[in-house]
Amino acid sequence: MLFFCFLWIPLFYLFWRSLNGDQDSGLEGGTWALIIGTIVALFRFFFGSFVHPEGFGLARWVSACIDVVALPAALPFIVGFIFAAFHIISSQGNFTHYAFLWIIPVAAVRALGWSSQSNPLLFMIVPVLWTAVITGIGFFIRLIQNNWGWIVIPAILGAVALPLAAATAYWAFFAQNSILGIVFMVVSFVPMAVSLIMSFVEGRGANRYNIL
């Protein structure tokens with residue numbers, strides 16, 4: 001389980017890059033992502049959780065949002081938007097690339113911090129949920145960047161709701177409510193699945209165009 005937590009994000013990132021080609025937010029943006037992601041991961045490692053929940057209630061769900069699932073995966077986008085506002089990275093760059101580079105050191109440091117526990121939710125479910133949130137938010141940002149008229153507002157709402165849905169999936173599994181966990185996990189995976197299918201189709205179209 002420890003190796004899964006270490007390797008899942010980098011391997012999925014390579015798979016995602018194979019579908020999307022070499023488009024990224026630029027070397028400088030990627031370097032910033034790795035540096036700040038490492039700093040944030042080490043800060044979290046040494047100073048611990050922001051929320052200390054007990055039981056399975058609201059505090060546990062808030063902990064899932066802030067400490068475990070939602071905020072760790074969404075924070076790269078928040079910082080990325082701030083950097084874009086100050087022209088450190090391009091506002092039309094690939095924020096998914098930026099977020100994946102950020103979360104790689106986070107996953108590695110979290111795996112070390114969780115090594116004393118034997119909790120498959122932390123080692124296996126959380127990295128997969130991070131992947132779903134990053135890929136899904138990146139998909140919604142892509143829709144917004146393309147400015148597809150009426151779809152912009154639903155895309156914004158989807159980008160906000162997705163991390164909360166992923167956190168709820170983790171919370172439900174933690175509370176041993178498997179049915180609710182599966183439902184929210186499927187909901188969390190839908191934007192990622194659509195994004196991967198679109199990338200695959202576009203990639204095949206581009207390859208066919210190059211052959212012609």
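Here is a guided walk through this structure, from its overall shape to a few single residues. Keep in mind that you are looking at a predicted model.

Let us start with the whole chain. It has 8 helices and 0 strands, and reading along the sequence gives the pattern α-α-α-α-α-α-α-α. The radius of gyration is 17 Å, close to the 17 Å that the globule rule gives for 212 residues, so the chain is as compact as a globular protein of that length. If you lay a box along the principal axes, the C-alpha trace spans about 60 × 35 × 30 Å.

How are the parts of the chain brought together? Among the contacts with a separation of 6 or more, 72% are between residues 24 or more positions apart. Of the 212 residues, 46% count as buried. On the outside, the chain exposes about 11100 Å², and carbon and sulfur atoms supply 73% of that area.

Now go inside. The largest nonpolar core has 59 residues, and those with the most contacts inside it are Val-69, Phe-100, Val-126, Trp-130, Ile-137 and Tyr-170. Two or more residues of this core come from each of helix H1 (2-20), H2, helix H3 (58-68), H4, H5, helix H6 (120-146), helix H7 (152-174) and helix H8 (178-211). Which helix gives the most to this core? That is H6, with 15 residues.

Phe-100 makes a good place to pause in the core. Leaving aside its neighbours within four places in sequence, Phe-100 is in contact with Ile-9, Phe-12, Tyr-13, Trp-16, Thr-131, Ile-134 and Thr-135.

Next, find Leu-162, which sits in helix H7. Is Leu-162 buried or exposed? Its relative accessible area is 4%, and buried means under 20%, so Leu-162 counts as buried. Not counting residues up to four places away in sequence, Leu-162 touches Ala-132, Val-133, Gly-136, Ile-137, Phe-140, Ser-188 and Pro-191. One of these, Ile-137, has already appeared among the core residues with the most contacts. You can also compare Leu-162 with Phe-184: they are 22 residues apart along the chain, and their C-alpha atoms are separated by 9.6 Å.

A polar residue can be buried too, as Ser-63 in helix H3 shows. Ser-63 has a relative accessible area of 7%. Setting aside neighbours within four places in sequence, Ser-63 is in contact with Val-51, Pro-53 and Val-68. Phe-139 is 76 residues from Ser-63 in sequence and 26 Å from it in space, C-alpha to C-alpha.

Let us come back out to the surface. Here Leu-42, Phe-43, Phe-45, Phe-46, Phe-47, Phe-50, Ile-66, Leu-71, Ile-78, Ile-82, Phe-86 and Leu-112 form a nonpolar patch, with about 1300 Å² of accessible area together. Helix H2 (27-47) and helix H4 (70-85) each supply at least two residues of the patch, and H2 gives the most, with 5 residues. Both H2 and H4 also give residues to the core you have just visited.

Take Leu-42 as an example from the patch. Leu-42 is found in helix H2, and its relative accessibility is 38%. Partly exposed covers the range between under 20%, which is buried, and over 50%, which is exposed, so Leu-42 counts as partly exposed.

The loops deserve a look as well. Ile-88 lies in the loop between H4 and helix H5 (95-113). With a relative accessible area of 29%, Ile-88 is partly exposed. Ile-88 and Ala-64 are 24 residues apart in sequence, and their C-alpha atoms are 31 Å apart in space.

Our last stop is Gln-176, in the loop between H7 and H8. What is the phi of Gln-176? Phi is positive here, at about 65°, although Gln-176 is not a glycine. Gln-176 is also exposed, with a relative accessible area of 70%, whereas Leu-162 in H7 is buried at 4%.

Definitions and conventions
Residues numbered from 1 in each chain as written. Predicted model: local features only at pLDDT ≥ 70, side-chain atom pairs only at ≥ 80, totals over all residues. Heavy atoms only, no water. Patch = residues over 30% accessible without salt bridge, like charges linked within 9 Å, V, L, I, M, F, W, Y side chains within 5 Å. Areas by Shrake-Rupley, 256 points an atom, 1.4 Å probe, with all protein chains shown as cover. Salt bridge = Lys/Arg side-chain N within 4 Å of Asp/Glu carboxyl O. Helix = DSSP H or I, 4+ residues; strand = E, 2+ residues; numbered from the N terminus. Buried < 20%, exposed > 50% of the residue type's maximum accessible area, 1.4 Å probe, protein only. Rg over C-alpha atoms; globule rule 2.2 N^0.38 Å. Contact = heavy atoms within 4.5 Å. Core = buried A, V, L, I, M, F, W, Y, C linked by side-chain atoms within 4.5 Å.
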